[in-house]
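I set out to look up one residue in its surroundings and then to turn to charged areas of the surface. The entries below follow that order.

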Amino acid sequence: WIDGGHDGKASYTNLRSGQYTFRVHGTNSNGRWSDEPATIAVTILPPWWRTWWAYAGYVLLFAAGVFAVDRVQRGRLIRREREKTRARELEQAREIEKAYHELRETKDRLVQQEKLASLGSLTAGIAHEMKNPLNFVNNFAELNEELVDEVEEALQTGNVDEAKEVLSDLKANTSAIAEHGRRADSIVKGMMAHASGGHRQRDNVAINDLVSEYADLAFHGKRAQSPAFKVEIEKKLNPDAGVVRVIAPDVGRVILNLVGNAFDALEERATADDGSFAPTVTVSTDRDGHHVRILVADNGTGIDKDKVDKLFEPFFTTKPAGKGTGLGLSLSHEIVVTGHGGALRVESERGVGTTFIVELPIDA
């Protein structure tokens, strides 16, 4: 209670917010007080910074601050992780690039080895092929020496007619020597073209002659490598196969590879056979309105279906480890498809045999 004094005033400060009742007792001049105080309900409102919406704002500001700090910390952490990841990626990229260059070098070496292996097989076949013309040259040369002696004897005895006959034989032998010399020269040039990849120029080539020549070279090469292995090679060359415009050494390399693979499959089956197996490779040609086809078929072990689709992939091979690089068919596919715009397909059945089909466009 506060005495209002003569002015009738009362002051209340520092009141908390809330509901209050203001009571007043009065007295008259005789000093008599009122029986019941007069009352007034008073509501004290809190300041704005203590209102509910102010507290809500404080909560929101605090949450926003926590969120902002969290975002900043997360941003820093993410940047650090990104920098670490970028550093790892750069390191991995350098390692991948190094591995890629090493792989390219390895592939180039293997391709070169495959070419050298192909050249070795070709050389073995050529060596065998060279024997025939060289034997003819040597035999006719020896025969000519004897004929020269006979001419001298005929001239000494005055037998001109006999001398003329001997000279005629001598001339015929000389022509034969020249013919077989040209054959030997052709074989050597073919070997050099094969070794150097050819002059990369397409020529009109009699496909039957090309197929026959390189099939024989593959045959003689296999005989030189495995003298005890007996195999029969059949040629079914369609006379209508005609001429096609190709890079002869490259297509010859394909034939050499396909026939060589057929020999390997036959040798594998012959090794495991009881002696009743007759290894056979059939080389045939055909022609339609748009393509010339070369087929190389064998009655060897065949290829599993799950491996047929992978045959033309680089480094894939069905041969035992160490027996091949897995690049021969890949290079053959590249020569036929990329180099000549043709197609190279395979049909095979396990235990029955395999047929490779080369299709070369006529109007290439």
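**Notebook: a serine and two charged patches**

Entry 1. I looked up S332 and found it in helix α6, which spans residues 328-340. I note here that the model is a predicted one.

Entry 2. Is S332 buried or exposed? I read a relative accessible area of 3% for S332, so this residue is classed as buried, the cut-off being under 20%.

Entry 3. I next asked which residues S332 touches when its neighbours within four places in sequence are left aside. I recorded contacts of S332 with V254, N257 and L344.

Entry 4. I then turned to the surface and listed a negative patch, formed by E142, E145, E146, D149, E150, E152, E153, D161, E162, E165 and D169. Which helices each supply at least two residues of this patch? I found that α1 (52-156) and α2 (160-196) do so. The largest share of the negative patch comes from α1, with seven residues. I checked E153, a member of this patch, and placed it in helix α1.

Entry 5. I also listed a positive surface patch, made up of R76, R79, R80, R82, K84, R86 and R88. From this patch I picked out K84, and I located K84 in helix α1.

Entry 6. How accessible is K84? Its relative accessible area is 47%, and I therefore entered K84 as partly exposed, since exposed requires over 50% and buried under 20%.

Note on methods:
Residues numbered from 1 in each chain as written. Predicted model: local features only at pLDDT ≥ 70, side-chain atom pairs only at ≥ 80, totals over all residues. Heavy atoms only, no water. Helix = DSSP H or I, 4+ residues; strand = E, 2+ residues; numbered from the N terminus. Buried < 20%, exposed > 50% of the residue type's maximum accessible area, 1.4 Å probe, protein only. Contact = heavy atoms within 4.5 Å. Patch = residues over 30% accessible without salt bridge, like charges linked within 9 Å, V, L, I, M, F, W, Y side chains within 5 Å. Areas by Shrake-Rupley, 256 points an atom, 1.4 Å probe, with all protein chains shown as cover. Salt bridge = Lys/Arg side-chain N within 4 Å of Asp/Glu carboxyl O. Lys, Arg positive; Asp, Glu negative; His and termini not counted. Charge placed at Lys NZ, Arg CZ, Asp CG, Glu CD.
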